[in-house]
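The following exercises concern the strands, the helices and the chain contacts of one structure. Please attempt each task before reading its solution.

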Protein chains: 2
Amino acid sequence: MATEPIFKITPIGGLGEIGKNMTLFEMNGDGFLIDCGIMFPANDMHGVDYIIPDFRWLEERDDIVLHGCCYTHGHEDHIGAVQHLVQAFPDLPLFATPLTRGLLQVKLKNARLLKGTDLRSFDAGDELRIGPFKLHSFHVCHSIPDCVGFGIETPLGMVVHTGDYKFDNTPVHGRKTDYARLASFARRGITLLLADSTNADKSGWTQSEAVIGEALDRVFRNATGRIMVATFASLISRVQQVVNVARIHKRKVCITGYTMSEYAKIARKLGYLDAEGDILVDIGRAQSLPPHKVVFMVTGSQGEPSAVLGKLAAGRHRQLDIRRGDTIILSSHPIPGNEEMVYRTINRLIERGADVIYDAIEAVHVSGHACQEEMRLMLNLTQPKYLVPVHGEIRHLHLHAKLARENGIARDNVITIENGTTIELSKNGIAIGERMPGGYVFVDGSGVGDVGPAVIRDREILARDGFMLVSINIDHATGKLIDEPRIISRGFVYLKAAEDFLDQIRENVTAVVNSNHNVNGNRRHLVEDSLGKLIYSETKRRPMIFSIVNEI
Amino acid sequence: MATEPIFKITPIGGLGEIGKNMTLFEMNGDGFLIDCGIMFPANDMHGVDYIIPDFRWLEERDDIVLHGCCYTHGHEDHIGAVQHLVQAFPDLPLFATPLTRGLLQVKLKNARLLKGTDLRSFDAGDELRIGPFKLHSFHVCHSIPDCVGFGIETPLGMVVHTGDYKFDNTPVHGRKTDYARLASFARRGITLLLADSTNADKSGWTQSEAVIGEALDRVFRNATGRIMVATFASLISRVQQVVNVARIHKRKVCITGYTMSEYAKIARKLGYLDAEGDILVDIGRAQSLPPHKVVFMVTGSQGEPSAVLGKLAAGRHRQLDIRRGDTIILSSHPIPGNEEMVYRTINRLIERGADVIYDAIEAVHVSGHACQEEMRLMLNLTQPKYLVPVHGEIRHLHLHAKLARENGIARDNVITIENGTTIELSKNGIAIGERMPGGYVFVDGSGVGDVGPAVIRDREILARDGFMLVSINIDHATGKLIDEPRIISRGFVYLKAAEDFLDQIRENVTAVVNSNHNVNGNRRHLVEDSLGKLIYSETKRRPMIFSIVNEI
């Protein structure tokens with residue numbers, strides 16, 4: 001008795017957020033993944049290093065055989081969690097285009113997981129067999145070379161996943177988004193489209209990467225001193241553009257920072273970064289060149305204090321410093337939540353005498369994602385029956401859905417879902433299936449998932465008002481204090497300037513203990529309660545309050 | 001022997017930052033202030049409620065008589081620190097236009113300082129005598145009515161302070177920026193211009209408030225359910241625009257939230273809010289109206305969790321909830337640093353079923369500050385000899401300076417300074433004088449200035465990794481532990497899930513103490529050091545570590 005086929009799609013990450021993209025595709029006990037990336041923490045996720053998709057439920061599912069993970073491109077939000085994926089599924093084959101594969105190699109090597117990982121590569125346009133599944137990869141433009149989307153054959157028709165894309169008609173590396181392949185899918189009939197929603201609130205068409213080259217050329221022409229260009233380590237196309245402009249203006253290029261250097265090295269080796277001759281120089285050689293003969297590529301365009309630009313802004317870089325006459329270009333746009341740190345970094349660099357060029361001043365950055373007109377073009381090219389908007393905050397998913405309905409897709413055929421919600425394709429059409437966990441797994445230090453909401457909530461309270469702890473020794477016989485209460489406090493008030501207040505606290509604790517000496521019950525509760533009230537009435541703050549009672 | 005007059009200007013706040021504007025003007029022992037506002041804390045100023053200018057040095061200067069504080073307009077960043085100013089200078093007369101005076105009254109009343117404060121009012125265009133000084137006020141457009149700048153007569157010529165301004169030719173309240181007065185100053189000759197730099201990185205001309213009316217009209221026409229408009233409590237012009245559009249679409253207006261209601265009440269009483277008839281209704285009446293007959297004005301457009309919109313997004317408002325079909329308009333733009341909270345609020349409102357309109361989607365907000373073309377117009381109208389850019393981060397001040405130089409002011413006549421730096425005008429021209437403190441005074445709860453960098457740094461560490469404290473009791477005679485170490489920890493790991501790790505910690509502490517029982521020295525240091533190493537090697541985290549040692 002053959003059952004009707006049901007093709008299931010479960011976004012594990014990337015919906016309702018920018019980052020940690022990951023999607024599960026499955027049918028009849030076989031499955032594969034597309035992408036497995038990380039997300040950067042919000043400002044109130046205290047102490048969290050990064051966030052990975054919650055795929056713990058997938059590790060426990062023994063009814064499914066995973067045949068591989070296919071990567072769309074090499075940005076952190078799509079490949080960044082590879083070490084966690086490989087630790088959970090050591091035998092899983094990973095499929096990637098050559099550049100993406102190269103970047104995965106760097107990451108796996110750093111995590112000491114390269115040996116033993118089954119890394120395979122394919123070229124954009126290739127057909128892939130992943131277990132019983134047949135995937136057609138197709139090239140898309142973004143802000144890194146070698147990006148693909150996938151057309152997945154299913155008994156219910158074609159399912160297309162765009163990955164991150166835009167329709168750049170003059171891309172840095174020449175290769176356009178594969179209009180023809182998308183059109184050929186459309187001729188066969190696309191049942192379901194999963195499409196990038198990141199820029200759904202931006203009208204018009206994203207500018208081509210080509211405008212950046214022109215803007216860089218203008219800035220290089222006017223700069224008389226050293227030039228530093230800050231961008232993401234993985235923005236290989238941007239590195240290429242800087243190299244191209246540097247060549248015209250007869251400057252050497254010095255790529256600084258471990259990750260950016262590693263990525264550039266692999267990109268060059270694989271032929272994705274054209275830096276022939278002796279245009280690339282190391283930092284020693286760069287330092288010896290006249291200021292107008294050199295450009296530095298640096299990380300830290302999001303204002304991260306620990307990256308090169310952050311160190312330069314704070315005057316804490318070991319080899320470089322900012323000099324009057326330097327021109328610094330931030331070839332990036334702040335990710336929401338980073339604006340404050342980015343602008344602080346810019347202000348500090350200006351204070352140090354640099355001329356700072358950022359995207360408000362010159363077109364030194366463009367988005368890597370499709371704007372509304374491109375989203376319409378994607379819909380018109382692919383003519384899907386169903387659309388599930390992916391990659392974006394809830395507002396982006398909803399705006400993408402609205403746009404698709406206005407563009408002619410039937411109201412009920414556009415489905416906005418959350419991470420963990422399964423979409424089921426069957427001969428009856430599309431349905432919403434089971435709900436899996438779709439939340440955050442925090443990575444903090446070497447701990448994965450051991451810092452949860454309760455710990456973050458405590459950090460929030462500590463961040464706001466600090467804590468105070470009193471330790472008291474009580475005579476077992478009399479119930480009275482033996483010596484002065486000891487106080488430990490941080491983040492509450494500046495203790496050295498608060499001696500009177502500390503005396504008041506010691507008096508309060510002493511009075512509470514000694515006047516309740518015959519109380520058998522909870523002395524700790526009495527002390528903490530009284531202290532909390534005193535502190536709030538004096539300061540209007542609510543630090544965490546603890547007491548340790550020793551009966552001696 | 002008469003000394004040559006020197007007119008001194010010291011920006012106390014507002015340079016290198018957006019907020020806490022305050023400037024001191026002085027000559028021959030007499031002085032006056034313009035504005036005294038607050039600034040909102042950055043995301044990493046943990047627990048700080050707001051920041052006020054550091055005028056403590058001014059309180060200590062007995063060589064100067066302060067004759068008054070003159071206010072440019074009623075926004076928080078210009079009037080918000082009035083209670084702190086009045087506490088420091090109880091006899092200081094405050095001068096303000098009627099609306100600004102009304103808002104000051106509300107603030108002083110809330111702080112129980114209204115009685116005893118010398119509040120005076122003047123009309124835009126009036127001439128003011130402040131001690132020996134003569135000031136000419138002139139009307140400017142911004143995003144609140146009754147805004148002024150000041151032309152100050154000095155023996156060294158006219159000094160003009162623009163306040164916050166733009167050149168809106170179709171403002172909501174009809175009154176334009178006073179071109180004629182600025183031109184008349186220019187005819188007499190302006191020595192020094194202090195001008196708003198907030199939008200120095202924005203090209204072109206700020207759109208008129210009039211476009212908001214048109215956008216609101218479009219949104220109101222399409223809305224079938226309730227409408228809620230979120231904006232700042234003090235944006236009286238915006239409240240007026242909502243009332244105007246509501247009247248056209250036959251909706252009643254309900255102003256919610258204490259501060260917004262108080263401000264609207266005073267604005268109406270003083271004739272700055274035209275809400276004739278029964279268009280304003282209270283929340284009880286609003287709840288009883290059909291959804292398409294009501295619009296709510298709410299606070300919280302910056303994503304503040306404790307404001308009305310934040311509570312609605314979290315489902316925690318006592319009287320209102322979000323229903324499917326509600327249209328919510330954010331008539332605002334995120335202040336840098338607030339983007340994350342604003343977008344989170346928008347996402348949550350959409351999840352609750354609302355249609356959310358923000359400035360990326362419709363022109364429901366425009367800036368209140370001049371863009372580059374208006375800055376050029378200001379320079380061309382006033383033709384100052386010297387320019388000191390004010391109101392803005394360092395990047396804005398420098399871009400304003402660059403623009404002014406390109407516009408024809410001599411390079412050395414444009415001066416970018418920091419808070420606390422005194423500018424001296426004399427017959428020899430302009431010079432940079434003394435440097436006063438110009439930093440932040442944090443207000444946290446009822447404490448002013450008692451939370452400084454050290455406390456903030458501790459809060460930062462606690463926010464990142466929390467703390468762990470062990471308390472141990474040691475036998476005085478043997479130097480060995482009497483009982484098990486007790487552990488208190490928050491914000492580090494989830495203790496309930498970390499029993500094994502806690503055992504490991506107790507064992508480590510026990511081993512360190514008992515193997516060093518004959519050490520006279522610093523047991524605490526030994527324990528904390530060993531614990532720190534163990535914790536870092538196990539978790540790669542660095543919580544604050546404390547120990548309490550009782551010798552019994």
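**Exercise 1: A sheet in chain A**

In chain A, strand S5 (residues 65–70) and strand S6 (residues 94–96) run parallel and are joined by 2 bridges. Two strands pair if DSSP finds at least two bridges between them; helices (H or I, at least four residues) and strands (E, at least two) are DSSP runs, numbered from the N terminus. The model is predicted, so that local features need pLDDT of at least 70 and side-chain atom pairs count only at pLDDT 80 or more, while totals for chains, interfaces and linings use all residues. Residues are numbered from 1 along each chain as its sequence is written, chains are lettered from A and ligands numbered from 1 in the order in which they are written, and side-chain values use heavy atoms, with hydrogens and water left out.

Task: State which residue stands opposite A:Cys69 in S6(A), and then describe the sheet of 8 strands in chain A.

Solution.
- Step 1. The residue opposite A:Cys69 is A:Leu94.
- Step 2. The 8 strands follow the order S7-S6-S5-S3-S2-S1-S19-S20 in an open sheet of mixed pairing.
- Step 3. Strand S7 (119–121) and strand S20 (429–435) of chain A are at the edges; each has a single partner strand, so one side of each lacks a neighbour in the sheet.
- Step 4. On average, neighbouring strands of this sheet are turned by 25 degrees against each other, direction ignored. Axes are lines fitted to C-alpha atoms, for helices over the stretch in contact, and angles run from 0 to 180 degrees between N-to-C directions.
- Step 5. Helix H4 (residues 98–110) of chain A lies across S6 and S7, at about 165 degrees to S7(A). Contact means heavy atoms within 4.5 Å.

**Exercise 2: A hairpin in chain B**

Task: Determine how many residues lie in the hairpin between S19(B) and S20(B), and how these strands pair.

Solution.
- Step 1. The hairpin joins the two strands through 2 residues.
- Step 2. S19(B) pairs with strand S20 (residues 429–435) of chain B over 5 bridges in the antiparallel sense; B:Glu424 is opposite B:Ala431.
- Step 3. S19 (residues 421–426) of chain B is also joined to strand S1 (residues 7–13) by 3 bridges, again antiparallel. There, B:Ile9 has B:Ile423 as its bridge partner.

**Exercise 3: The two chains together**

Task: Find the turn that lays chain B on chain A, and describe the contact between the chains.

Solution.
- Step 1. A turn of 180 degrees with a shift of 0.0 Å along the axis lays chain B on chain A with an RMSD of 0.0 Å. Copies are superposed by least squares on the C-alpha atoms of residues with pLDDT of at least 70 in both.
- Step 2. The two copies are therefore related as by a two-fold rotation axis.
- Step 3. In chain B, the C-alpha nearest the axis belongs to B:Ala463, at 2.4 Å.
- Step 4. Contact involves 61 residues of chain B and 62 residues of chain A.
- Step 5. There are 6 salt bridges between the chains; one joins A:Arg344 to B:Asp44, with the closest N and O atoms 2.7 Å apart. A salt bridge is a side-chain nitrogen of Lys or Arg within 4 Å of a carboxyl oxygen of Asp or Glu.
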